[in-house]
Amino acid sequence: MIKPLGDRVVIEALAKEEVTKSGIVLPDTVKEKPQEGKIVAVGSGKTLDNGQKVALDVKVGDKIIFSKYAGTEVKVEGKEYLIISERDILAIIE
């Protein structure tokens, strides 16, 4: 598995099947990039200038909304993940 460093998190994007009002399923080529995901791993936290660690506000298992063009896509063991910084997380879905 992937262990992110610092204030980064690993996300598994939650893909939604997009269907028009008339029932046409849209192919991947015209879909927008997903902005919702589930956190599968978190880093140790942000290090301040004085050396103190600040824990992240999110934890493994949280469902989140993140910035549309944030992060780096990686593929591990056939699964696609996104590694983003905590500052690119917009909200936690409860």
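Is serine 85 buried or exposed? In the predicted model examined here, serine 85 has a relative accessibility of 9% and therefore counts as buried. This residue is located in strand β7. Leaving out residues up to four places away in sequence, serine 85 touches Asp7 and Arg8. With the former, the interaction is a polar contact between the two side chains, at a distance of 3.2 Å.

The overall architecture is described next. The protein chain contains 8 strands and 0 helices, which gives the pattern β-β-β-β-β-β-β-β when read along the sequence. The chain comprises 94 residues, and 26% of them are buried. Its accessible surface amounts to about 6,700 Å², and carbon and sulfur atoms account for 51% of that area. Among contacts between residues at least 6 apart in sequence, 63% join residues that are at least 24 apart.

The largest nonpolar core consists of 12 residues, namely Val9, Ile11, Ile39, Val42, Leu56, Val58, Ile64, Phe66, Ala70, Leu82, Ile84 and Ile89. Two or more residues of this core are supplied by each of the elements β1 (8-13), β2 (36-42), β5 (63-66) and β7 (79-85). Strand β7 is also the location of serine 85, whose polar contact with aspartate 7 was noted above.

Charged pairs were examined across the whole structure, and the search returned 2 salt bridges. In one of these, the side chains of lysine 79 and glutamate 12 come together with an N to O distance of 3.3 Å. This pair connects distant parts of the chain, with lysine 79 in strand β7 and glutamate 12 in strand β1, 67 residues apart. Lysine 79 has a relative accessibility of 40% and so counts as partly exposed. Glutamate 12, with a value of 26%, is likewise assigned as partly exposed.

A salt bridge also joins the side chains of lysine 59 and aspartate 62, with an N to O distance of 3.1 Å. Which of its members is buried, and which is exposed? Lysine 59 is exposed, because its relative accessible area is 53% and the exposed class begins over 50%. Aspartate 62 is buried, because its relative accessible area is 10% and the buried class lies under 20%. Aspartate 62 lies in the loop between β4 (53-54) and β5. Its side chain additionally offers a polar atom that is 3.0 Å from the backbone nitrogen of lysine 59. Lysine 59 is thus approached by aspartate 62 through the salt bridge and through this backbone contact. When neighbours within four places in sequence are set aside, the contacts of aspartate 62 are with Gly37, Lys38, Ile39 and Ile92. One of these, Ile39, is also a member of the largest nonpolar core.

Attention then turns to the surface. Ile65, Leu90 and Ile93 form a nonpolar patch there, and together they present about 230 Å² of accessible area. Leucine 90 is placed in strand β8 (residues 89-93). With a relative accessible area of 55%, leucine 90 is exposed, since this class requires a value over 50%.

The loop between β6 (72-76) and β7 contains glutamate 77. This residue adopts a positive phi of about 50°, although it is not a glycine. Glutamate 77 counts as exposed because its relative accessibility is 79%, and exposed residues are those over 50%.

Toward the start of the chain, leucine 5 is found in the segment before β1. At 63% relative accessibility, leucine 5 counts as exposed. The C-alpha atoms of leucine 5 and isoleucine 83 are separated by 10.0 Å, and the two residues are 78 residues apart along the chain.

Note on methods. Residues are numbered from 1 along each chain as its sequence is written. This is a predicted model: local features need pLDDT of at least 70, side-chain atom pairs count only at pLDDT 80 or more; totals for chains, interfaces and linings use all residues. Side-chain values use heavy atoms; hydrogens and water are left out. A nonpolar core is a set of buried Ala, Val, Leu, Ile, Met, Phe, Trp, Tyr and Cys residues joined through side-chain atoms within 4.5 Å. Buried means under 20% relative accessible area, exposed over 50%, partly exposed in between (1.4 Å probe, protein chains only). Helices (H or I, at least four residues) and strands (E, at least two) are DSSP runs, numbered from the N terminus. A salt bridge is a side-chain nitrogen of Lys or Arg within 4 Å of a carboxyl oxygen of Asp or Glu. Patches are made of residues with over 30% relative accessible area and no salt bridge: like charges are joined within 9 Å, nonpolar side chains (Val, Leu, Ile, Met, Phe, Trp, Tyr) within 5 Å. Accessible areas come from the Shrake-Rupley method with a 1.4 Å probe; for residues, only the protein chains shown count as cover. A polar contact is a pair of N or O atoms within 3.5 Å; within protein, one must be able to donate a hydrogen and the other to accept it, and residues adjacent in sequence count only if both atoms are side-chain atoms. Contact means heavy atoms within 4.5 Å.
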